[in-house]
Amino acid sequence: MSYHKLIYLLLFMIVINISAPIQLTYAAAAPDSSAVISALASNTAPSGTGSLTALLSLLFGKFLGPILNITGNQSPSTAAGNISRTPTKPPASSVPAVQTSGALRGKVIVVDPGHGGSNPGAVANGARESDINLAVSLKLRDQLQKAGATVIMTRQTDSMVAPAGNTNNQDLAARVDIAEANRADLFIAVHANDNENSQIAGAMTFFPSGKSDGLAAAVQSAVVKETNAINKGTSPATFYVLRKPSMPSILIEMGFVSNPAEAARLNDDGYRNQIARGIFTGIVQYLNNR
């Protein structure tokens, strides 16, 4: 029998003997050619017949392997349909984190939670302005300190800043005195708003006329972006804590407690985190652009 006829005969015998088992096995994973060759050699020739094993290896490598998708030394993950098991990384956030670039290092920032103690500020819809102001201010303090700023709080409890028995005007003066005594670089007053019209909502930022408009614009923009609050813009004002400090100063009104929906958000800890992050981001952007 010629060499070519022997090859065709062997091919025919192999197809008859293994086609069914291979198809059954392939449903789970592609079989390993070395295992198939060993099995065929042991079933069709006496033990130790190296020439037959070599011939079968040639046939599988050149003919049957590619046709039947019988694989060689592949890992289980690549043999089973070449599917990669490497987990993909989650997409990066579309909103980049603010780059402090050292802008806050060495800066002294006074954070002034409005009202407190016997003066709770605006109260409506289960929300007390003094409590909201303090909660957001403390979160802002933590963020500023982590970025390297020295933060001076005018109050850290539910109390007025001036000693008991002083007037509200004296309390306001005490807040500015703290900023001046510490030679602060910035003065940030944190408030919530109130209006007879319960439909009015939104955040707004005030600044002293003729200065600090850049700081107000940066903080207002960042807070609105962070919270999706209605943007009521920035405006000059003559509040004591704006016109008296010698350093750049702003007063942010975070929202209206008189609006039921906004009062609920202002009472929410997650929303307070967003406000604090917005104020922080605005401060950094302002300092980076000076």
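Buried means under 20% relative accessible area, exposed over 50%, and partly exposed in between. Keep that scale at hand for the exercises below, which work through a predicted model.

**Exercise 1. Getting your bearings**

Task: Find how many helices and strands the chain has, and what share of its residues counts as buried.

Solution: Start with the secondary structure, which comes to 10 helices and eight strands. Next, turn to accessibility: of the 290 residues, 44% count as buried. Finally, look at sequence separation. Among contacts with a separation of 6 or more, 77% join residues 24 or more positions apart.

**Exercise 2. A salt bridge inside a helix**

Task: Locate the salt bridge of E262 and decide whether each partner is buried or partly exposed.

Solution: First, identify the partner: E262 pairs with R265, with 3.6 Å between the closest N and O atoms. Since the cut-off for a salt bridge is 4 Å, this pair qualifies. Second, place the two residues. Both belong to helix α9 (residues 260-266), where they sit three residues apart, about one turn of the helix. Third, apply the accessibility scale. E262 has a relative accessible area of 1%, so it is buried. R265, at 35%, counts as partly exposed.

**Exercise 3. More charged pairs**

Task: Which residues pair with R128 and R141, and how accessible are the partners?

Solution: Begin with R128, whose side chain meets that of D131 in a salt bridge of 2.8 Å, N to O. R128 is partly exposed at 30%, and D131 is partly exposed at 35%. Move on to R141, which forms a salt bridge with D142 at 3.0 Å between the closest N and O atoms. Here R141 is buried, because its 18% falls under the 20% limit, whereas D142 is partly exposed at 33%. To finish, note that the count of salt bridges comes to six.

**Exercise 4. Two packed helices**

Task: Describe how α7 and α10 pack, and classify the residues of their contact.

Solution: Take the geometry first. Helix α7 (residues 213-227) and helix α10 (residues 269-288) pack at about 145 degrees, and their axes are 7 Å apart. The crossing is right-handed. Then list the contact: α7 contributes residues including L215, A218, V219 and A222, while α10 contributes residues including I275, I279, I283 and Y286. By type, the residues of this contact divide into 10 nonpolar, seven polar and two charged.

**Exercise 5. Into the core**

Task: Which residues have the most contacts inside the largest nonpolar core, and which helix gives the most to it?

Solution: The largest core has 42 residues, and those with the most contacts inside it are L104, I109, L144, I188, I279 and I283. Helix α10 gives the most to this core, with nine residues. Now follow I188 as an example. Leaving aside neighbours within four places in sequence, I188 touches residues including I109, L140, L215, I279 and I283.

**Exercise 6. Positive phi outside glycine**

Task: Where do N125 and S212 lie, and is each buried or partly exposed?

Solution: Check the backbone first: phi is near 50 degrees in N125 and about 70 degrees in S212. Next, place them. N125 is in the loop between β2 (123-124) and β3 (127-128), and S212 is in the loop between β6 (203-208) and α7. Lastly, compare with the scale: N125 is partly exposed at 42%, but S212 is buried at 8%.

Note on methods: Residues are numbered from 1 along each chain as its sequence is written. This is a predicted model: local features need pLDDT of at least 70, side-chain atom pairs count only at pLDDT 80 or more; totals for chains, interfaces and linings use all residues. Side-chain values use heavy atoms; hydrogens and water are left out. Axes are lines fitted to C-alpha atoms, for helices over the stretch in contact, and angles run from 0 to 180 degrees between N-to-C directions. Helices (H or I, at least four residues) and strands (E, at least two) are DSSP runs, numbered from the N terminus. A crossing is left-handed if the near helix is turned anticlockwise from the far one by less than a right angle, and right-handed if clockwise. Contact means heavy atoms within 4.5 Å. Ala, Val, Leu, Ile, Met, Phe, Trp, Tyr, Cys and Pro count as nonpolar, Asp, Glu, Lys and Arg as charged, and the others, Gly among them, as polar. Buried means under 20% relative accessible area, exposed over 50%, partly exposed in between (1.4 Å probe, protein chains only). A nonpolar core is a set of buried Ala, Val, Leu, Ile, Met, Phe, Trp, Tyr and Cys residues joined through side-chain atoms within 4.5 Å.
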